[in-house]
Amino acid sequence: MDVPTLSAEVARRLAVRAALLEGPRPSPDRNGIMEVVRGLGSLQIDPTRAVERTHLLVLWSRLGPYDPRDLDRLRFEDRLLFEYAAFLRPTESYPEQAFAMERFATREGAWERRVRDWMAENDALRQSILKRLRAEGPLPSRVFVAPPGTTDWKSSGWTGGRNVPQMFEFMSRRGEILVAGREGGQRLWDLAERVVGDLEPRKALIPERFAEARVQAALARLGAGDLNEIRDRVPILHTPDIRAAIDRLLADGTLARVKLEAQPEAEAYMLASDLPLIDSVAGPGWEPRTTLLSPFDPLVRDRERTERLFGFHFRLEMYVPKEMRKFGFFVLPILHGDRLIGRVDPKMDRKRRVLHVRAVHAEPDAPVDDPAVGHAVGDAIRELGTFLRAEEVRYESIPEGWRAGLEEGS
């Protein structure tokens, strides 16, 4: 069978489509939120709120303005989503995730062994947490006190000596407890079985099927990818396990080999069921959008892949001293069809309800002389303002060719 070659344009379009950033938008309600989370597999949680929290921005990029309270209802009322390891995931995926939790508890890595040894030394703290949650229900970690004799968690970072919070994190990683709610900005913890139900389904999986499911899910969300890109999406698996899963899936026809015009030396793969998309995205089946992306968006999270696919060098500058920043603190890439054409440096003033756009940076090859592109970018920024409930959008530095489209209605 001939191995198809993907042009750079087709590879980009497959990636954009797989990231749910092309075609008709899902409905901006609970059904649409679930469609996006299922499609992406998870939503990364990050507390930074210079604009809005990243998981809310990832949803906005795909849904447009929606009510963030619907996300809380899905989590804490409908129980269709659960939080694990700083990601929101569909509860229906819990059996597979529970298998990953079990691997964390038994895996023979240096980090996992250190965690297990420390938890064993401090089992009195672990048991006291389980006993109190079982009796009292959801509680924040701050109400717990480590019993005398607890040994410190050793770390050169900020977690050093923070024994109670660390025990909560490790118990969560092992699937004993999960986040059951929020009280202000604090997580409320409870026994896992009371958050997501029976844990028994984890035993239905075997390592080979788990690896195959993870590889298929990674490729569904990449569009097409090589071994390194798949490995980046399934860090819980060792490389030999990933290779073996790929070989089995190639043999049974689930995966297909493809060549990448931009990486002729790489062996890449797609889901065989997605092969018809190659012709679809190259023709009238391609329905582009223009939107802004969180710096943690799945499409750009892998910085090296972003540069290979889009020719877009992107680094998060929030940890860079202010005087050394090139683009800004929390910059949002601009997606226009299958190209990343620039970046927006915004800051939301919630007290005055003003969205400050300190700069719109266009890429060197961006169509800055095309007013239609300026209008599309302006519409995306205005839509972000609507989502943030801003009453005004204020610009400082913008490309002159896009000025009319950006400032329209501001």
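Visitor: In what order do the three strands of the open sheet stand?
Guide: In this predicted model, local features need pLDDT of at least 70 and side-chain atom pairs count only at pLDDT 80 or more, whereas totals for chains, interfaces and linings use all residues. Residues are numbered from 1 along each chain as its sequence is written, and side-chain values use heavy atoms, with hydrogens and water left out. Helices (H or I, at least four residues) and strands (E, at least two) are DSSP runs numbered from the N terminus. With antiparallel pairing, the order in the open sheet is S2-S4-S3.

Visitor: Which strands stand at the edges of this sheet?
Guide: An edge strand here has a single partner strand, so one side of it is left without a neighbour in the sheet. The strands at the edges are S2 (43-44) and S3 (81-84).

Visitor: How many bridges join S3 to S4 in the antiparallel sense?
Guide: Two strands pair if DSSP finds at least two bridges between them. Along S3, Leu81 stands opposite Pro90 in S4, while Glu83 has Leu88 as its bridge partner there. Between S3 and S4 (residues 87-90), the number of bridges is four.

Visitor: Which residue in the hairpin of S3 and S4 takes a positive phi?
Guide: The hairpin has two residues between the strands. The phi in question is near 50 degrees, and the residue that takes it is Ala85.

Visitor: Which residues point the other way from S4 than Phe87 and Arg89?
Guide: In a regular strand the side chains alternate between the two faces of the sheet. Phe87 and Arg89 point one way, and the residues of both groups are buried (under 20% relative accessible area, against over 50% for exposed and in between for partly exposed, with a 1.4 Å probe and protein chains only). Pointing the other way are Leu88 and Pro90.

Visitor: At about what angle does helix H4 run to S3?
Guide: Helix H2 (residues 30-40) lies across S2, S3 and S4 and runs at about 100 degrees to S4, where axes are lines fitted to C-alpha atoms, for helices over the stretch in contact (heavy atoms within 4.5 Å), and angles run from 0 to 180 degrees between N-to-C directions. Helix H4 (residues 69-76) also packs on the sheet, touching S3 and S4, and its direction makes with that of S3 an angle of about 85 degrees.

Visitor: Are the partners in the salt bridge of Glu83 and Arg75 buried or exposed?
Guide: A salt bridge is a side-chain nitrogen of Lys or Arg within 4 Å of a carboxyl oxygen of Asp or Glu, and the whole structure holds 37 of them. In this one the N to O distance is 2.6 Å. Glu83 has a relative accessible area of 6% and Arg75 one of 7%, so both count as buried.

Visitor: How many residues apart in sequence are the parts that Glu169 and Arg187 tie together?
Guide: The side chains of Glu169 and Arg187 meet in a salt bridge at 2.5 Å, N to O. Because Glu169 lies in helix H8 (residues 163-173) and Arg187 in strand S6 (residues 186-191), the pair ties together parts whose separation in sequence is 18 residues.

Visitor: Which helices does the salt bridge of Arg248 and Glu212 tie together?
Guide: The closest N and O atoms of Arg248 and Glu212 are 2.5 Å apart. The two residues lie in different helices, so the pair ties together parts 36 residues apart in sequence, namely H12 (residues 239-251) and H10 (residues 207-222).
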